[in-house]
Amino acid sequence: MDLFENLSDNQIEAVKTIDEDLEIIACAGAGKTGVVTRRVINILKSNPDILPENIVAFTFTEKAAEELKSRVYKYGEAVLENTKGFANMYIGTIHGFCLKMLQEYIVQFQKFTVLDEIKTKLYIEKNYNFCGMPDLGLKIYTETNLFLSVISTLNENWFERDKWDEKTRAAVDKYKDTFYRKNYFDYSLIMQEMLNQLENNKDFADIILSKIKYLTVDEYQDTNPIQERLIHFIKQGGCNLCIVGDDDQTIYQFRGSDPENILTFRERYGINKYIVLGTDYRSSEAIVDIGKRVIVNNEKRLPKVMESGKLIKYEEGDTVYREFDECDEEYEFIAKRIKALHDSGVKYSEMAVLLRKRKHGPDIAKMFDEYEIPYIIEGVNELFSTAECQAAKGIFDYLAGTIGMMELFQLWKSIDYELDEKEIAEAIATLNVIDVKSKKFYGEFVLQKVYHDFLRRISIVDESNSSEIILYNLGKFSQVINDFETIYYTTIPANKLSSFCNFLKYTADGYYPEGHIANTYIRPDAVNIMTVHQSKGLEFTAVFIPQMNHNNFPSAKMGGKSIWHVIEKDWIPNADRFAGGVEEERKLFYVAITRAKKFLFLTRSPGNAREKKVSEFMVEAKESPYMLGFDEKMVYTGNHIPPMSEDAAPLNLNFSILQDYFDCAYRFKLSMFYGFVQPIVPALGYGKTMHEIVMNIHRRFLSGETLSSEDIEQIVNDSFYLPYANPKLQDNMLEGAKKSIAGYVTKNQDDFANITMAEADIELDMGDGIKVNGRIDLVKRREISGEEKTYIVDFKTASREVTECINAEQLKIYALGYQKLTGETADYLEIYNLDNSESERQRVTEGLLENVSRDIRDAASNIRNNDLPRKCSKGKCQKCYLNYLCLSKKEKQEYEV
Ligand code: SF4
């Protein structure tokens, strides 16, 4: 395959520029992902000394990373004829990279987990008195979000901390101490720690800097100060730097990104090579013209010529505006246009309604309901508005004594499912024997277990569309409990229950969407109703932008308490960027317009008292000769509709997901689609920590160290960590771990010289958006009858309480991953039990790898088609932790469950 096929001169120049630093300004639809992909392959093709692991590419989102990775694999196969070592190439977010490096090279951080937004809130509120929040005069619950904004702003500028006052410095330190005490990171702490280590830990910095030879940063315009400092540090190590961005699309200033980074990049880094990819191949000439006429009104821009590649044919009436007197008329117009476009061949999933503010979403969704238009919307269909979720919540309100038995009974009766009244009564009776106040130890009262035990008593199984929706919501509630118990598991029972009820009442309500919306495995053919911010990086055949009113788009400035009521503006460089302004709003509007490939509808009807006037952006857009007032006689023939994107959702699988699937596809559905989570057990994490211990031992042997038994014991002490265990259990299990590890080392020490890999990442790109990720524990070579053989070893633990284990099916996937990573085929697969030092081996036979590839593709296809049948057998179903959601009453009797 020719690497430069179908590229423009500027694109070719960008792909070829690999020996000097480069700035690429890529306008919307300019094909930047294709250019970055081919440039990566060109680097590998042109320079045999550069390995995939020497290339790092930062993307703004995981989704963008997946797309870039897929293309890199595809071009790797086509141009280099293999993707050997590609799993060692980092393509992903900056945070992801920092976390990976910290955990890879600094033992202390292997114990750390990253808290997402909801868990961060939970953790902060749980530790209100210690986390620095009262020191800044902020109130619990009502000002938690403000506190988190303040902390992340400060942490993203932490190298300016000398400017802060004493009180603020102390609060930030307390926040960090609170997180580190429990081995937690939030996103800003990961970055801060990475820079801290790079700047103060020379060994670590040497490893990172010597590894990276080529650094690419996509969406550079949205980098914040700490990310910029990291990029600058890596560049000082001597790598080649390529940044890709578009100053016209800087839309995250309100959360800290600094447009000055891209505006001053060339001068600051002394860059000579500057390439503009100004041709839009995504959109018609009309869309490009409208976008251009809007964005040129911004004063602070880099120079560039923007034009259409004219790959999408423009037809009169593709881009229209219309004004209405009433909101209902406006939304009805949108619904009718969507129907008309759908009738002419545009898929629903190829259309989007882009909102400046979420508040308009529910009314549009209501209109779509009337017109029977399928849609996906976030922030409208809330989990806690569903009857089943209210019923699930009722279990805990009943235990806390805030509702009575009859009320709980009625809540369960009111869900849209023929539940047996006797069973509901029996389920409630099981709650009556739980005396929370008398329970002293946290392990005696596990919310998830209470929930599963209750559901076990009522027969509710997947038998129709409506029961599927109910199971989605009940599964999502199981995740809500899991989020809570991740933080509160070790709290004493009475406090745990009251905190959970408060969490459901004040924080969780309004935060979680309905269960089926969260299913990422299936992409329905539905119209997307989303904010413009959410649409970044996406494209649609038709885009509707409603409510084009002044003070809506552009948005009026928000009132209320801001971070500047807590910290001083002159502590943060370029602080005015947070305020936003009309130029920032115009960039957002430009992003919205350029999501459209062919059809663009701008509509308005006067909004509230502040939103009566037409938006100035609508006026600017109407200056384009392509923008016409809507005319009922416009007919969409469907003759020139752009090619539709594939419906298949990207599938990111890992070994344990596949293991679940291969074991019983329906259990996979219950856990991965519906989201049912197993109760946390105190020993959770034992398998993970044992893996880390053996990895650390192997790595030190690999680096040439000779380890004494004291060294081994020290490694176990340093690495062992069970986040949910009480001190006594922790000590007991640590002693057991020491014995197991000592036994393993004694038995296998002579073999350590034969280790070739310890904890190697593998990544299988199966094409068609299917990826499998995982890690191989160990690869070693052994001489058998004069022949050297390769063994892939996976460690398991035998602890009865711990479910983290592997099976032979999983090992076969490792074998395939090993082949992709190294280009070699392993001879044997071995499972080694660390707790009893027993091992089992299996030959890698001819055809095994082809069979595994086929099985994975079949699995992906079945998952996407929701074809996930039950695989019943008495032995398996008896042990299945979700059998009560699966088996009929008759089967339960038959299987004795
Ligand atoms: S009970 Fe049996 S058939 Fe049902 S999900 Fe579990 S393992 Fe599969």
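How many residues of the shell around the ligand are nonpolar, polar and charged? The views below start there, using a predicted model.

**View 1. The shell around the ligand.** Seven nonpolar, one polar and four charged residues make up this shell. From the earlier part of the chain come C664, Y666 and R667. The others around the ligand are R870, K871, C872, K876, C877, C880, N883, C886 and L887. Two elements, α25 (665-673) and α31 (874-879), each give two or more residues to the shell. The ligand itself sits in the largest cavity.

**View 2. Domain 4 beside domain 5.** Domain 4 covers 383-512, and domain 5 covers 651-874. Their centres, taken over C-alpha atoms, are separated by 34 Å. To the contact, domain 4 brings 20 residues and domain 5 brings 16 residues.

**View 3. The peptide bond at P554.** Here is a detail worth a pause: the bond from F553 to P554 is cis, with omega near 10 degrees. Look for P554 in the loop between β15 (540-545) and α22 (582-593). For context, most peptide bonds are trans.

**View 4. The backbone at Y141.** Y141 is not a glycine, yet its phi is positive, at about 70 degrees. This residue belongs to the loop that joins α5 (117-126) and α6 (144-155). Most residues other than glycine have a negative phi.

**View 5. Confidence, and a stretch to treat with care.** The protein has a mean pLDDT of 92, and 98% of its residues reach 70 or more. Over residues 800-805, however, the pLDDT is below 50. This stretch still has 15 contacts in the model beyond near neighbours in sequence. Where pLDDT is low, please do not read the predicted coordinates in detail.

Notes
Residues are numbered from 1 along each chain as its sequence is written. This is a predicted model: local features need pLDDT of at least 70, side-chain atom pairs count only at pLDDT 80 or more; totals for chains, interfaces and linings use all residues. Side-chain values use heavy atoms; hydrogens and water are left out. pLDDT is the predictor's confidence in each residue, from 0 to 100. Contact means heavy atoms within 4.5 Å. A residue is near a molecule or strand if one of its heavy atoms lies within 4 Å of it. On a 1 Å grid over the protein atoms alone, a cavity is a set of points where a 1.4 Å probe fits but cannot get out, and a pocket is an open set with protein on both sides within 12 Å along at least five of seven lines; lining residues have an atom within 4 Å of a point. A molecule sits in a cavity or pocket if more than half of its atoms lie within 2 Å of its grid points. Helices (H or I, at least four residues) and strands (E, at least two) are DSSP runs, numbered from the N terminus. Ala, Val, Leu, Ile, Met, Phe, Trp, Tyr, Cys and Pro count as nonpolar, Asp, Glu, Lys and Arg as charged, and the others, Gly among them, as polar. Domain bounds come from an automatic or database domain assignment.
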